[in-house]
Amino acid sequence: MSIHTHRRQLAAILATLVMCASVLFYTYGRGVSAKSIPAELSDREFWRLVDEFSEPNGYFRSDNLLSNENAFQHVIPTLQANLPADGVYLGVGPEQNFTYIAALHPKLAFIIDIRRGNMNLQLLYKAFMELSHDRADFLSRLFARPRPPKLDDKTPVDELFDAYELAAPSDELFQKNLQEASEHLTKVHKFGLSPDDLRGLEYVYTAFFKAGPDLNYSFSGGPFGGGFRFPTYATLMTESDTRGDHRSYLATEANFRIVREMELHNAIIPVTGDFAGPKALRSVGRYLKDHDATVTAIYTSNVEQYLFQSDVNWRSFGSPGYGPRAQTLLCSVADLLSAFNRGTISGYSDVIQMSR
């Protein structure tokens, strides 16, 4: 598929998602609409959306089990000051979406990623969150390590991760937690996971088990290793915004509960699909339009870069503005579409220049 075709498809998809000119990455406090979206999806409806909206598994050059962007929390104060709650959130990738969800309080969230492995990762998170009563229980499951003593709902996030750094991984806990997660998804929720999906859950969980809080973006051993020092899970969870406030979904018990409640309500829906593909994002757009729902935030990471370039070299991530310490920028979707229609966007650098 040509770059120009990708661009046309991206513009068409965004146009489908944008309900009116006021629907931006942030909306200056204007009201949103999501009245006809139920407060909770049934297990059957949740899996129908996952299954029917998804495209076949696509290719990416990394497992991408963890964000490599340690500045993504910096924009949260601006978003919270201008973005109303109870809208719809669209995102891509792994756990950084939970941090945005905890901050923005959407009514519904779709996480769309080209790799079915990301769907497996999101479902593993879902199972572990639903089975856990607090952050400490969740981390015990996530890293397959016994819960250290004296951790409670008021334990600061840095102390929480320090404790799990010292805890030893347990093969017994790994097997027990994997079985519980698989059965929770397939027997309690009755989701139609395939044998490949179940193997995908084990593959993802093995990475967390082996690396623990030191898991980072290059853990898979793929070509993204380079010379970068990617932030670890512990580093990302203890990062802060520009004011010095901790914003991660594990920074406080309240943040964790927001995400956990959405998981319990089946309100975080993982979909497999290419942003410029023929089905996934378009299906999400039609569903939201049918429910008169407003998209209030779209987190794309650097997906646009892949859409604009037919052959992306990892070295480009080392140029100013890219890489693991890249700045997170905000951009109005309406402004983006307007610029595209004027013909002023011909590459990813144009998107960067109009962002703020």
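How many salt bridges does a search of the whole structure find? The count comes to 14. The model behind that count is a predicted one, and its salt bridges make a handy way into the rest of the fold.

Some general layout helps before the details. The protein chain has 15 helices and four strands. It runs to 356 residues, and 58% of them count as buried. Among contacts in the protein chain with a separation of 6 or more, 76% are between residues 24 or more positions apart.

Back to the charged pairs. In general, side chains of opposite charge can pair when their charged atoms come close. R115 does this with D113, where the closest N and O atoms are 3.2 Å apart. Both partners of that bridge, R115 and D113, are buried. R199 and D196 offer a contrasting setting: their side chains form a salt bridge at 2.3 Å, N to O, yet both residues are exposed. This pair sits in helix α9 (residues 195–211), and because R199 and D196 are three residues apart there, about one helical turn separates them. Elsewhere, E45, R48 and E52 are joined into one network by salt bridges that share partners.

A further bridge brings in helix α6. R147 and D137 meet through their side chains at 2.8 Å, N to O. D137 belongs to helix α6, while R147 lies in the loop between α6 (135–143) and α7 (157–166), so the bridge ties together parts that are 10 residues apart in sequence. R147 itself is partly exposed, since its relative accessibility is 32%. D137, on the other hand, is buried.

D137 has plenty of company in that respect. Helix α6 is mostly covered, with nine of its nine residues buried. The buried set includes charged residues such as R135, D137 and R141, along with F138, L139, L142 and F143. What lies over these buried residues? The cover includes α5, α7, α8 (171–188), α9, α10 (233–237) and α11.

Two of those covering helices also pack against each other. Helix α5 (residues 116–131) and helix α11 (residues 253–264) have axes 9 Å apart and cross at an angle of about 110°. Angles of 65 to 115 degrees count as roughly perpendicular, so that is how α5 stands to α11. On the α5 side the contact involves K126, M129 and E130, which meet F256, V259, R260, E263 and L264 in α11. K126 has a second role to note: it lies over the face of F46, at 4.9 Å from the ring centre.

Rings turn up in number as well, with 22 aromatic pairs in the structure. One of these is Y89 with Y100, whose ring centres are 6.5 Å apart; their planes stand at 40°, so the pair is tilted. Y89 is in strand β1 (residues 88–91) and Y100 in helix α4 (residues 96–104), and the pair links these distant parts of the chain across 11 residues. Which side of the burial cut-off do the two tyrosines fall on, buried or exposed? Buried means under 20% relative accessible area; Y89, at 2%, is therefore buried, and Y100, at 3%, counts as buried too.

Finally, F98, Y125, F138, F143, F161, F208, Y233, Y249 and F256 form one aromatic cluster. Its members include F138 and F143, both among the buried residues of α6, and F256, which takes part in the meeting of α5 and α11.

Conventions:
Residues numbered from 1 in each chain as written. Predicted model: local features only at pLDDT ≥ 70, side-chain atom pairs only at ≥ 80, totals over all residues. Heavy atoms only, no water. Phe/Tyr/Trp six-rings, centres within 6.5 Å; stacked < 30°, edge-to-face > 60°. Helix = DSSP H or I, 4+ residues; strand = E, 2+ residues; numbered from the N terminus. Buried < 20%, exposed > 50% of the residue type's maximum accessible area, 1.4 Å probe, protein only. Lys NZ or Arg CZ within 6 Å of the ring centre and 35° of its normal. Salt bridge = Lys/Arg side-chain N within 4 Å of Asp/Glu carboxyl O. Axes fitted to C-alpha atoms, helices over the stretch in contact; angles between N-to-C directions. Parallel < 35°, antiparallel > 145°, perpendicular 65-115°, else oblique. Contact = heavy atoms within 4.5 Å.
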